[in-house]
Amino acid sequence: MTPDVGVPPKPAPPAPAAAPEATSPAAEPPSRRAAEPPPDGLTRLRAIILGRERDAIRRLEQRMEDPAALAQAVERALTTSVRRDPRPLADALFPVMGPAIRRAISQALAGLLQSVNSALEQSFSLQGLAWRWEALRTGSSYGEVVLRHTLLYRVEQVFLVHRESGLLLAHLTTPTVDAQAPDMVAGMLTAIQDFARDSFQVAQEEMLETMQVGELTVWVEQGSRTLLAAVIRGHAPVELRVELQRTLEGIELEHAPELTRFNGDASVFNRSRPRLEALLLMETRGQAGAGKTPWRTWILLTVALALLLYFGIPAMIRQHRWEQYLTRLRGEPGLVVVHAARENGRYVVRGLRDPLAGDPAAILQQHRLTDEEVQGQWQPYVALLPGFVLRRAERALAPPPTITLSLSGDTLVAAGAAPLAWFSRAGGMAPALSGVGSYVEHRMAPRELPGLAQLVAAVEARRVLFASGSASLDSAAIQEAEALAGEISRLDSAATLLRLQLGVVFAGSADDVGNEDINERLRQLRGEAVRERLLPRLPPTLLSGAATLPPDTTAAPDQAARALRRSVRALVSLPDPAAPEPVP
Amino acid sequence: MTVLEKKICMMGAPGVGKTSLVRRFVDSVFSEKYLSTIGVKIDKKSVTVEDTTLNLMLWDLQGEERYQWVRLQYLRGASGYILVADGTRPDTLEIALGLQENAAGRAEQLPFILCLNKADLWGQWGITATQQEWLKEKGWTVVQTSAKSGDSVEEAFLSLARQIIAQGT
Ligand SMILES: Nc1nc2c(ncn2[C@@H]2O[C@H](COP(=O)(O)OP(=O)(O)O)[C@@H](O)[C@H]2O)c(=O)[nH]1
Ligand SMILES: [Mg+2]
């Protein structure tokens, strides 16, 4: 219906001209000869000899000048060349391919950067910890694990689209995906390309390569005649991009003829379905990992946590007690910790122990540890600490309570009252004791002992006073006698503690006035009066008897002194400790 | 039975009823919002002519008049186009003629038809019978359609489909 008028006449098609040449070479020379000037002899000879060859050359010349024929020949030559060895052609094309390759490389780098970024993002999250654990478990590097996970994806749909018309050539989906009118989507994909190009005014070869909708990413690869779009869920690795390119190249190569004269028949592209299916299959690999790994990781994490709670916390408590126990041992005099460690699942402590030091087993119990958990290995030794030297001396010398042992430097001092036998034994043994350099004694009478001397003085200072010529106790005397009894009791208690036998005598005295006989009598009566009075108050063993003091023949200086002489006082006797104690 | 995919472009001045015609002809999947957002909406309709089924992919373009020229690039890869003019507005026929001229200036000669739309508005008709005769003499297929009543819409698309098949063989 479109009129052909106005279309310039095409140059004569080469086929009709070539056809007679090829089919009937014999018919041709006459027509040519008619156009040529009349031949001379040589020319004729040449025509006779070289006739056929000349025609062949002429034909070749013609063919070389005809672009259509030349194109055919070149095409054939290239095809053969590539089939034989594609390298020479690839080398020749490299300058053209260079920019495209550079673009691919920059894309790959961008992809790598993306995965590194997401790795960094994840590295401090719980997910990151799970991946670190997985890396530990599987013995692969953390980077590998991160890559494995961040690159999880699946290709859900693949569109092969005729670039020019936006017509759908092939469409594949994973079984679970419900695809919406794919042929319209295909059209829209190309329309969007145009839209993006128009809107941002970029070169015609530039294209919208990535579209992102929530979890879905659409990657579009552009070939010379087709578009390959992949709808991807998740993070696809840059290798997928390469795979898309490769698939597209393969398809374009396979379908080159159909694509050049595409009339809307998409059925021929069914041949490429296996290639496209391979893209969908890439999903399976990624997904298998996705399904299992987090699961396993979580279970393992939970188990690890449970184990930690179950074994870890008691172990922590045990460790804490062990450390406290060690601290205590180190502070304990007479114990020297030489080695403390965990060996074969139990704690072991080795060291030196003075026999007088605290018992490690008892300390262990105090720290609520059992000898199952802690094994102690103690070598005996002698500690030269002052306390230990002293305690050793006490054990060896067994001093009576009236003896006080002390250490001044390395001098052992024994002060107090003791039987002679004890002193002589102590004097012999003490210097031989470890830690004792020399030995000194301070012998004392029992009444001089620090704990007793004052009490003795207090008892002996009391005076129960009598009226002149009287031996009966008036109320003041009774009071004084009672007080005296109290003092005696205190002294007795102290002496008993020191295992000393106290003796008390009430000694009466009289003044220098009057008859000496009477006075002698008064002395006796007065002593007995006090004794009698106090007998119920004091243990009888104590009161050996009343005594009279010898008459004071000196003249009393005054009345007061004279009155003081009409009195009774208590005289204390404290014998040295008697029997030496047996050494335990 | 062969199945062929064909890209068809709707072309014409704004407001002539391109979108309405497509809506009449197809059961649309996508919202017409696409038109305003990216300027293109694609719909599909299968028609069968003899033993060939054509899947017509109808590209409907949105835009102001001046963009219609730019959008000629959408004709790339198309197997045909539908020119639409509003029968009540003669100026829209001028635009349709201009578009056709531009389209024909491209390398390929594509089958097309002209829809004189809004045929239901007979009273306000502004395109003369002489004009239509002249177009038919030029070899154009001219169909009077009404997207509103549905008159001749199916027929218009089918007529283009037939042309495409005729040219394809
Ligand atoms: N009466 C009548 N109105 C129509 C017809 N077709 C379209 N319209 C109206 O014309 C206006 C523009 O239509 P639209 O399809 O958007 O035109 P477009 O810009 O070419 O896509 C709308 O208000 C339509 O309702 C028709 O056949 N008859
Ligand atoms: Mg519209």
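Visitor: Which residue forms a salt bridge with Asp183(A)?
Guide: As general background, side chains of opposite charge can pair when their charged atoms come close. A salt bridge here is a side-chain nitrogen of Lys or Arg within 4 Å of a carboxyl oxygen of Asp or Glu. For Asp183(A), the closest N and O atoms are 2.3 Å apart, and the partner is Lys44(B).

Visitor: What kind of model is this, and at which pLDDT do side-chain atom pairs count?
Guide: Residues are numbered from 1 along each chain as its sequence is written, while chains are lettered from A and ligands numbered from 1 in the order in which they are written. Side-chain values use heavy atoms, with hydrogens and water left out, and because this is a predicted model, local features need pLDDT of at least 70, totals for chains, interfaces and linings use all residues, and side-chain atom pairs count only at pLDDT 80 or more.

Visitor: How many residue pairs are in polar contact across the interface of chain A and chain B, and which helix of chain A gives the most to it?
Guide: A polar contact is a pair of N or O atoms within 3.5 Å; within protein, one must be able to donate a hydrogen and the other to accept it, and residues adjacent in sequence count only if both atoms are side-chain atoms. By that rule the interface of chain A and chain B holds 3 residue pairs in polar contact, both residues at pLDDT 80 or more. On the side of chain A that touches chain B, the element that gives the most, with 11 residues, is helix H8 (residues 182–200).

Visitor: How much area do chain A and chain B bury between them?
Guide: The contact (heavy atoms within 4.5 Å) takes 26 residues from chain A and 24 residues from chain B. Buried area is the accessible area, found with a 1.4 Å probe, that two parts lose on being put together, summed over both. Carbon and sulfur atoms carry 61% of the area buried between chain A and chain B, which comes to about 2,200 Å².

Visitor: How many helices and strands does chain A have?
Guide: Helices (H or I, at least four residues) and strands (E, at least two) are DSSP runs, numbered from the N terminus. Counted in this way, chain A has 18 helices and 15 strands.

Visitor: Which are the edge strands of the sheet E12-E15-E13-E14 in chain A?
Guide: Two strands pair if DSSP finds at least two bridges between them. The 4 strands form an open sheet in the order E12-E15-E13-E14, with mixed pairing. Each edge strand pairs on one side only, and the two are strand E12 (464–465) and strand E14 (543–548) of chain A.

Visitor: Which residue stands opposite Ser509(A)?
Guide: Strand E13 (residues 503–509) and strand E15 (residues 567–573) of chain A pair in the antiparallel sense over 7 bridges. In E15(A), the residue opposite Ser509(A) is Ser567(A).

Visitor: Which residue takes a positive phi in the hairpin of E9(A) and E10(A)?
Guide: Strand E9 (residues 403–408) and strand E10 (residues 411–416) of chain A run antiparallel and are joined by 6 bridges, with Ile403(A) standing opposite Gly416(A). The hairpin has 2 residues between the strands, and a positive phi near 65° belongs to Gly409(A).

Visitor: Is Gln100(B) buried or exposed?
Guide: Gln100(B) is found in helix H4 (residues 90–104) of chain B, and, leaving aside neighbours within four places in sequence, is in contact with Tyr81(B), Leu83(B), Phe112(B) and Trp140(B). Buried means under 20% relative accessible area, exposed over 50%, and partly exposed in between (1.4 Å probe, protein chains only). The relative accessible area of Gln100(B) is 12%, so this residue counts as buried.

Visitor: How many residues apart are Glu254(A) and Arg275(A)?
Guide: Glu254(A) and Arg275(A) form a salt bridge with the closest N and O atoms 3.1 Å apart. The pair links distant parts of the chain, from helix H9 (residues 238–254) to helix H11 (residues 273–331) of chain A, and the separation is 21 residues.

Visitor: Which residues are linked with Glu254(A) and Arg275(A) in a network of salt bridges?
Guide: Glu254(A) is partly exposed at 26% relative accessibility, and Arg275(A) is partly exposed at 35%. The other members of their network of salt bridges are Glu258(A) and Arg271(A).

Visitor: What relative accessibility does Arg523(A) have?
Guide: The side chains of Glu520(A) and Arg523(A) meet in a salt bridge of 2.8 Å, N to O. These residues are 3 residues apart in helix H17 (residues 516–534) of chain A, so about one helical turn separates them. Glu520(A) is partly exposed, at 29%, whereas Arg523(A) counts as buried, at a relative accessibility of 2%.
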